[in-house]
Amino acid sequence: MTPALFIQGLRVTIGAGTSAANVLRGVSLELQPGEVRGLVGESGAGKSMLGRAVLGLLPANAAIAAGRIAFEGRDLLAMREPERRSLLGRRIALIPQDPMTSLNPVKRIGAQVAILLRHHLASSRRAALQRAAELLAEVAIREPERVLGLYPHEISGGMRQRVLIAMAFACDPSLVIADEPTTALDVTVQRQVLQLVERLRQRHGAAVLFVTHDLGVVAKICRTMTVLHAGRVLEEGETAHVLARPGHPYTRALLAATPRADRPAEALRPVPPSLIENLWSEAHQFDRLAAAGPA
Amino acid sequence: MTDILLRTGSLSFAYPERAGLFRRPVPREVVKRVDLAVPRGSVLGLVGESGSGKTTLGRLLVRLLKPTSGGIQFDGVEISRLSEAEMRPLRSRIQMIFQDPQSSLNPRLRLGIILTRPLQVHGRLKGRRDRRDQAAALLDLVGLPTGFIDRYPHELSGGQRQRAGIARALALEPDFIVADEIVSGLDVSTQAHILLLLRELRARLGLTLVFISHDLSVVRVLCDDVAILHRGEVVEYGPVTRIFSAPQHAYTRQLLSAIPLPDVEPGWLDDASPIVIPHQQGSAA
Amino acid sequence: MVDLAHDLSVGHSSRLVAGLKRGGARLWIGVALVGILLLVSLLAPLIAPHDPIEQDLMSAQLPPAWINGGEPAYPFGTDSLGRCVLSRLIYSARTAVVVALIAASLAAVIGIAFGLIAGSFGGWVDQLTSRLIDVWMAFPPVLLSIVLAAVIGAGLTSVIAAIVVVDWTRFARVVRAETMTQLRRDYAAAARVIGLSRGGIMWLEILPNLVPLTVTLLAVEMGIAILVEVILSFVGISVAGDTPTWGGMIAEGRQIVHQAPWIMALPIGCIILSVIGFNLLGDGLRLLLDPVQRR
């Protein structure tokens with residue numbers, strides 16, 4: 001079966017010339033259709049950068065130095081810009097991190113959902129608005145017609161995130177990149193949002209790359225997971241397996257450093273600094289090798 | 001009888017809010033009749049989601065805000081009605097660590113100045129030499145290299161900045177510290193270090209803390225007692241072990257069950273809890 | 001400590017270097033232009049080839065030296081009264097610089113004081129100050145200066161007074177807004193928690209944060225002051241008649257622009273270069289002084 005997403009040896013650098021620094025150091029990753037994979041890492045791990053690279057939304061000072069990204073067998077990096085753009089939002093969708101800034105503050109919700117449908121599916125204005133209402137109903141928003149007429153600041157953060165989820169699934173994508181979609185939310189709202197993502201994923205049959213720093217969230221929604229640190233994949237596998245018997249010391253350390261409501265305080269073990277230092281020196285060694293010879 | 005350092009009685013706070021240009025301002029109550037008693041040397045966790053009023057409550061306790069009604073007794077002294085000037089001598093005993101050290105450390109001052117500013121204000125600095133010594137001692141106390149004296153806040157990582165924020169709060173050797181969401185912006189590995197640092201400092205310096213957080217699991221690491229806040233009211237209040245083992249209030253149970261533990265648990269996503277999210281935005285996220 | 005693992009090793013000297021780098025070409029061109037202007041006005045008696053008011057009717061309206069008919073003794077030619085254009089330009093720079101420095105600084109001091117008071121007290125104090133500024137700004141500035149000059153009488157003092165009276169609002173408005181922004185940040189709350197008084201917070205915490213802004217504004221204001229001085233001297237209500245000014249030179253040159261265009265063109269060039277110099281200096285200083293990249 002052709003994987004929904006296939007990434008091989010991806011190296012991304014930020015900056016130019018002598019100050020160029022690697023943020024992704026040869027990442028390989030495979031996502032089967034319908035699979036939900038957690039991409040776990042702390043800040044600076046490059047997890048968001050990976051999602052952005054797939055979407056072609058790298059910041060202006062970042063560049064792909066090496067590697068391959070294929071979506072359903074088609075090379076995204078070799079693709080011409082218009083073709084690639086026609087995939088974005090339709091076949092490959094994004095659930096962004098910040099529900100506050102990801103919606104246009106001066107346009108009504110309805111207009112923002114409808115424009116997506118009209119652009120990608122060439123729906124008529126009427127049909128688009130009707131479909132938009134259905135989509136909002138699908139993410140458990142009551143009175144969707146009324147909400148379509150509201151502005152983003154008039155609804156709560158949890159609601160905004162639901163609207164963004166509805167928009168992500170609007171065109172039946174086969175790949176959804178979820179970039180820390182619940183980080184800004186309260187736990188009770190987070191749970192509902194996770195439930196929604198799972199429900200929509202099942203209904204639309206999309207593969208999801210779920211970027212997060214929260215091992216708990218991964219445990220609940222992702223069947224497989226990839227642990228990233230300093231732009232390198234340290235461990236991957238079935239979530240149940242990785243969490244129960246972590247193979248890499250870093251994964252073990254992260255689990256021990258995560259405070260748990262079901263365990264007493266004494267169980268908390270911070271990540272040993274020497275471990276992090278070792279990981280960084282490994283990463284820098286990779287940089288030297290990459291600089292010495294072309295990857 | 002236990003020695004209570006801080007006690008609040010029916011503490012309330014309302015923001016005046018204008019409903020319209022010509023309407024009379026309608027007060028919006030964000031903290032409602034809160035009764036707390038913090039024994040000397042203990043840590044109280046204040047837990048709530050956004051809009052629960054936990055940050056406002058924290059700012060009331062250090063008297064950054066003046067309560068609309070109710071009282072706060074600090075070491076037997078009623079401080080709820082004191083003016084800014086009357087509060088000033090007490091400031092050396094009541095401190096606060098802020099959520100976002102990016103914003104709470106003055107971006108244009110070096111760490112050496114920031115950390116010793118409290119000492120300067122209370123006349124406890126004896127010249128330039130002393131300032132450097134004191135700053136170095138404070139940096140050392142929170143596990144930062146003394147070479148950081150001449151650094152600016154933006155030259156530090158998030159965890160380092162939060163350590164600096166803790167050091168500043170400790171400068172005056174206060175009895176009581178309010179820590180407002182101090183680990184929420186940090187990575188897991190950094191967060192554990194900060195939590196354990198605070199635990200160690202508490203034991204070493206005999207601090208009394210109010211630890212504000214949205215995260216029940218973090219609270220468990222540090223706190224003796226927990227108060228659960230919901231829409232400005234304390235819905236449950238008790239020893240941490242009891243709250244975690246036998247939560248009484250439905251909201252506490254909801255909060256506990258919503259925490260995703262890092263264990264695979266089929267069905268966690270199906271078990272839809274009947275939480276109603278209001279359509280309209282109630283308060284800032 | 002884990003969070004110490006990847007710290008930025010920034011020393012003292014490299015901080016200044018980094019600042020100068022941020023300032024970039026704008027800073028250097030600004031410094032150069034303003035530096036030349038200051039030097040020229042400071043050393044006017046030494047570098048001017050002639051007395052600027054010495055008339056030589058025998059050699060009136062000589063073209064610049066490099067044009068046919070020009071004389072090496074008058075590098076930029078002479079005006080209709082046979083005065084050396086270069087010397088007059090050099091001495092005019094003196095007037096411009098004196099006005100720019102004194103007027104802009106005074107306007108800054110007054111404006112910053114009002115801005116700080118309005119911004120820190122808020123309430124009715126702020127309302128009062130803000131309304132005062134609003135009303136003040138509704139007057140056409142040049143007209144106000146002309147009226148003022150007419151009332152106090154022409155002269156350097158009245159030019160400076162006119163600029164200060166009009167332009168303090170520029171500082172007051174910006175400083176007020178910035179003070180309010182800064183006071184909302186947690187470091188101001190932290191300053192209150194440690195027991196700092198209102199005055200102490202303003203002086204020790206807020207003021208250092210206003211430095212980049214006010215320095216930038218000051219540089220730009222100096223450019224504006226030069227323009228105002230030019231306008232006032234153009235209409236003849238600046239300094240006494242025989243003191244050379246760029247505005248005066250333009251006014252004189254205007255009458256013989258067809259016969260001797262350089263007499264008008266040269267002071268205009270000087271004005272443009274000075275104002276560009278101050279503006280670039282302001283931009284460059286802002287980048288240099290603000291290490292915290294604003295988002």
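Me: Helices are DSSP runs of H or I with at least four residues, and strands are DSSP runs of E with at least two, numbered from the N terminus. With that in hand, how many helices and strands does the secondary structure of chain B come to?

Reply: Happy to start there, and please keep in mind that this is a predicted model. The C-alpha trace of chain B spans about 60 × 50 × 50 Å along its principal axes. Within chain B, the secondary structure comes to 10 helices and 10 strands.

Me: What radius of gyration does chain B have, set against a compact globule?

Reply: Chain B has 285 residues, of which 46% are buried. A compact globule with that many residues would have a radius of gyration near 19 Å. The value for chain B agrees with this, at 20 Å.

Me: And for chain A, how many helices and strands are there?

Reply: The C-alpha atoms of chain A fill a box of roughly 60 × 50 × 40 Å along the principal axes. For its 295 residues a compact globule would have a radius of gyration near 19 Å, and the 20 Å of chain A agrees. The secondary structure in chain A amounts to 11 helices and 10 strands.

Me: Among contacts in chain A with a separation of 6 or more, what share comes from residues 24 or more positions apart?

Reply: Buried residues account for 46% of the 295 residues in chain A. In chain B, 65% of the contacts between residues at least 6 apart in sequence join residues at least 24 apart. For chain A the share is 67%.

Me: In the open sheet of chain A, which are the edge strands?

Reply: Strands of a sheet pair through backbone hydrogen bonds, either parallel or antiparallel. The open sheet in chain A has 4 strands in the order β2-β1-β4-β5, with antiparallel pairing. A strand at the edge pairs on one side only, which fits β2 (21–31) and β5 (74–75) of chain A.

Me: Which residue in β2(A) stands opposite L10(A)?

Reply: Strand β1 of chain A covers residues 5–14 and pairs with β2(A) in the antiparallel sense, over 8 bridges. Opposite L10(A), in β2(A), stands V27(A).

Me: Is L103(A) buried or exposed?

Reply: L103(A) sits in the loop between β6 (92–95) and α3 (109–121) of chain A. Beyond its neighbours within four places in sequence, L103(A) is in contact with Q112(A), P152(A), R160(A) and V163(A). A residue needs 20 or more other C-beta atoms within 10 Å to pass the cut-off. L103(A) has 22 such neighbours, so it counts as buried.

Me: What about A122(A), buried or exposed?

Reply: A122(A) lies in the loop between α3 and α4 (125–138) of chain A. Its phi is positive, about 50°, although A122(A) is not a glycine. Because A122(A) has 9 C-beta neighbours inside 10 Å, it counts as exposed.

Me: How does R231(B) count, with its C-beta neighbours inside 10 Å?

Reply: R231(B) is in the loop between β9 (225–230) and β10 (233–239) of chain B. Phi of R231(B) is positive, near 50°, in a residue other than glycine. With 17 C-beta neighbours inside 10 Å, R231(B) counts as partly exposed.

Me: In the hairpin of β4(B) and β5(B), which residue takes a positive phi?

Reply: Strands β4 (residues 69–74) and β5 (residues 77–78) of chain B pair in the antiparallel sense over 2 bridges. In β5(B), V77(B) is the bridge partner of F74(B). There are 2 residues between the strands of this hairpin, and the positive phi, near 50°, belongs to D75(B).

Me: By class, what residues make up the side of chain B that touches chain A?

Reply: The contact takes 41 residues from chain A and 38 residues from chain B. On the side of chain B, α7 (188–205), α8 (216–222) and α10 (250–258) each supply at least two residues. By class, that side has 24 nonpolar, 9 polar and 5 charged residues.

Me: How is α8(C) oriented to α10(C)?

Reply: In chain C, the axes of helix α8 (residues 198–234) and helix α10 (residues 261–289) come within 7 Å and cross at roughly 175°. Angles over 145 degrees count as roughly antiparallel. The orientation of α8(C) to α10(C) is therefore roughly antiparallel.

Definitions and conventions
Residues are numbered from 1 along each chain as its sequence is written. Chains are lettered from A and ligands numbered from 1 in the order in which they are written. This is a predicted model: local features need pLDDT of at least 70, side-chain atom pairs count only at pLDDT 80 or more; totals for chains, interfaces and linings use all residues. Axes are lines fitted to C-alpha atoms, for helices over the stretch in contact, and angles run from 0 to 180 degrees between N-to-C directions. Angles under 35 degrees count as roughly parallel, over 145 as roughly antiparallel, 65 to 115 as roughly perpendicular and the rest as oblique. Two strands pair if DSSP finds at least two bridges between them. A residue is buried if 20 or more other C-beta atoms lie within 10 Å of its own, exposed if 12 or fewer, and partly exposed in between; C-beta atoms are placed from the backbone. Two residues are in contact if their C-beta atoms, placed from the backbone, lie within 7 Å. The radius of gyration is taken over C-alpha atoms; the globule rule is 2.2 Å times the number of residues to the power 0.38. Ala, Val, Leu, Ile, Met, Phe, Trp, Tyr, Cys and Pro count as nonpolar, Asp, Glu, Lys and Arg as charged, and the others, Gly among them, as polar.
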